[in-house]
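Welcome, and please load the model in your viewer. We will go from selection to selection, with a short note at each stop.

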Amino acid sequence: MTRLTDQPAWQALQAHAEAMKTVHLRELFATDAGRGEKYTAQGAGLFLDYSKNRVTDETLLLLLQLAEQTGVAAKKGAMFAGERINVTEGRSVLHVALRMPKGSTLMVEGRNVVPDVHEVLDRMATFADRVRAGSWLGHTGQPITNIVNIGIGGSDLGPVMAYEGLKFYSQRDLTVRFVSNVDGTDLTEKIRDLDPARTLFIVSSKTFTTQETMTNAASARAWLLASLHDEAAVARHFVAVSTNAGAVTGFGIDAANMFGFWDWVGGRYSMDSAIGLSLMIAAGPGHFHELLAGFHEMDEHFRTAPPEKNLPMLLGLIGLWYNNFFDAQTVAILPYDQYLAYFSAYLQQLDMESNGKHVTLGGQTVDYQTGPVIWGQPGTNGQHAFYQLIHQGTKLIPCDFIGFMQTLNPLAPHHDLLMANVFAQTEALAFGKTLAEVQQGGVSAEQGPHRVFEGNRPTNTILADKLTPRILGALIALYEHKVFVQGAVWDINSFDQWGVELGKVLASQIVPELRAASEPELGHDSSTNALIRRYRAGRRAE
């Protein structure tokens with residue numbers, strides 16, 4: 001197989017990038033009056049303006065050729081067909097099956113998995129409706145008013161992001177909270193003011209052995225029993241999202257209240273499975289199904305739209321352009337909607353756990369950059385924090401701006417002011433302000449250089465009519481498939497996460513050393529040994 005850096009399109013892109021590094025966006029817009037309308041695409045209710053990027057028709061042609069030469073279309077087809085493209089774990093990658101409508105067919109090893117998905121969704125909906133209506137009663141006969149999701153990673157980041165994203169649509173007499181950190185402070189603060197008799201815990205762990213999740217679950221169980229004093233209470237106040245029936249029932253949860261999913265659902269792609277039970281309870285089954293419909297609409301757009309009009313393809317290839325040919329190390333995701341406060345954090349796991357890889361599918365060390373660092377904050381908050389560096393710093397930071405034409409909370413003049421900032425920021429980043437323009441305003445020669453904005457900073461702008469469940473689903477799926485495109489070009493496995501394992505293994509070895517009654521024999525490096533001894537000494541001083 002031809003190495004990525006030896007592909008003809010890669011070689012051509014390297015030469016093209018050298019020429020483009022001296023081209024300014026001012027020049028590109030000045031020579032093409034229709035550029036702002038030309039470099040756009042839309043699908044699944046989303047509109048993408050990518051005109052404020054250092055790209056030309058030649059750039060896009062070469063990027064699309066690179067996608068063709070690296071087999072992105074074939075890899076996409078293999079994913080949608082249920083082939084085992086997660087080669088290191090021997091698994092299919094079928095989060096797309098989680099949002100396929102009833103009556104659809106997706107065969108995996110001779111079995112249509114779509115009916116299985118909807119069987120779980122139907123059970124979730126029945127349970128969610130009972131909790132929302134107050135007919136699911138706790139051990140003392142009182143209705144549930146508090147939902148606490150206990151998970152970590154994909155079992156937390158997806159549900160908490162989507163819950164905050166759809167809070168406008170949620171049932172407000174329900175208190176919904178999320179616990180993930182094994183730091184006892186997280187659980188303590190989340191349940192401090194809750195009534196155990198009205199609290200339902202959702203323990204989300206596929207294996208029901210995840211250390212952080214099960215530690216929090218055990219402490220939550222102890223908290224509940226300290227108040228209700230009856231082991232039978234556990235079955236009325238805990239449900240599980242898991243596949244380990246033995247461990248679930250051993251914990252005291254009724255197996256009838258266990259909601260499963262499948263090994264072809266990766267953790268960071270699982271929020272639209274049973275992992276989203278907390279969201280379904282909060283927002284209701286109808287809104288949850290609308291979310292799934294938005295996911296599916298973007299799935300179909302990605303599957304069928306031609307590459308040059310395909311939103312995930314364009315977003316992925318443009319990101320790769322800066323990552324691999326302009327040495328951009330990070331990407332800022334900047335949603336201008338407070339409901340999307342957790343969106344950038346969610347995308348950190350989606351992108352960085354997927355494409356933070358250093359070997360190819362064949363096990364060879366790569367000689368090019370793979371996944372970027374993902375970060376960001378919502379709305380105008382970031383403008384008063386880190387935009388200074390984006391505008392006038394020495395680092396090239398591509399940015400995705402996300403905005404909505406209509407607000408869910410009309411409060412004049414807030415939304416016009418918010419969206420004015422979206423358009424102003426992308427304009428300022430693209431075109432900047434020259435020294436001559438600065439001096440025209442009467443600024444002194446000494447002050448002038450400090451007021452100059454170089455511009456030529458790339459941005460994408462993603463717009464939708466309104467933040468609805470359907471649009472949120474489409475937006476998440478857009479980034480899921482963007483990650484897929486980049487991983488496919490880089491020839492890496494975007495669907496395993498071995499990088500999270502070593503620290504967990506070492507931590508499990510260190511825990512008994514921290515707790516040992518007598519001084520343990522330590523076999524780590526000198527730094528780790530010394531830190532463990534210092535910690536033990538500090539604990540003895542408590």
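Two strands count as paired if DSSP finds at least two bridges between them. Strands (E, at least two residues) and helices (H or I, at least four) are DSSP runs, numbered from the N terminus. This is a predicted model, in which local features need pLDDT of at least 70 and side-chain atom pairs count only at pLDDT 80 or more, while totals for chains, interfaces and linings use all residues. Residues are numbered from 1 along each chain as its sequence is written, and side-chain values use heavy atoms, leaving out hydrogens and water.

**Stop one: strand 13.** Select residues 459–464. Six of the six residues are buried (under 20% relative accessible area, 1.4 Å probe, protein chains only), so strand 13 is largely enclosed by the rest of the structure. Thr459, Thr461 and Leu463 point one way, and Asn460, Ile462 and Ala464 the other.

**Stop two: its partners.** Add residues 46–49: strand 2 runs antiparallel to strand 13, joined by three bridges, and Asp49 stands opposite Thr461. Now add 399–404, where strand 12 pairs with strand 13 in the parallel sense over six bridges; Ile402 has Ile462 as its bridge partner.

**Stop three: the whole sheet.** The six strands form an open sheet in the order 1-2-13-12-10-11, with mixed pairing. Strand 1 (40–43) and strand 11 (373–375) are at the edges with a single partner strand each, so one side of each has no neighbour in the sheet.

**Last stop: Tyr479.** Which residues does Tyr479 contact, leaving aside neighbours within four places in sequence? Among them are Ile333, Phe343, Ile402 and Ile462, where contact means heavy atoms within 4.5 Å.

Terms used
Buried < 20%, exposed > 50% of the residue type's maximum accessible area, 1.4 Å probe, protein only.
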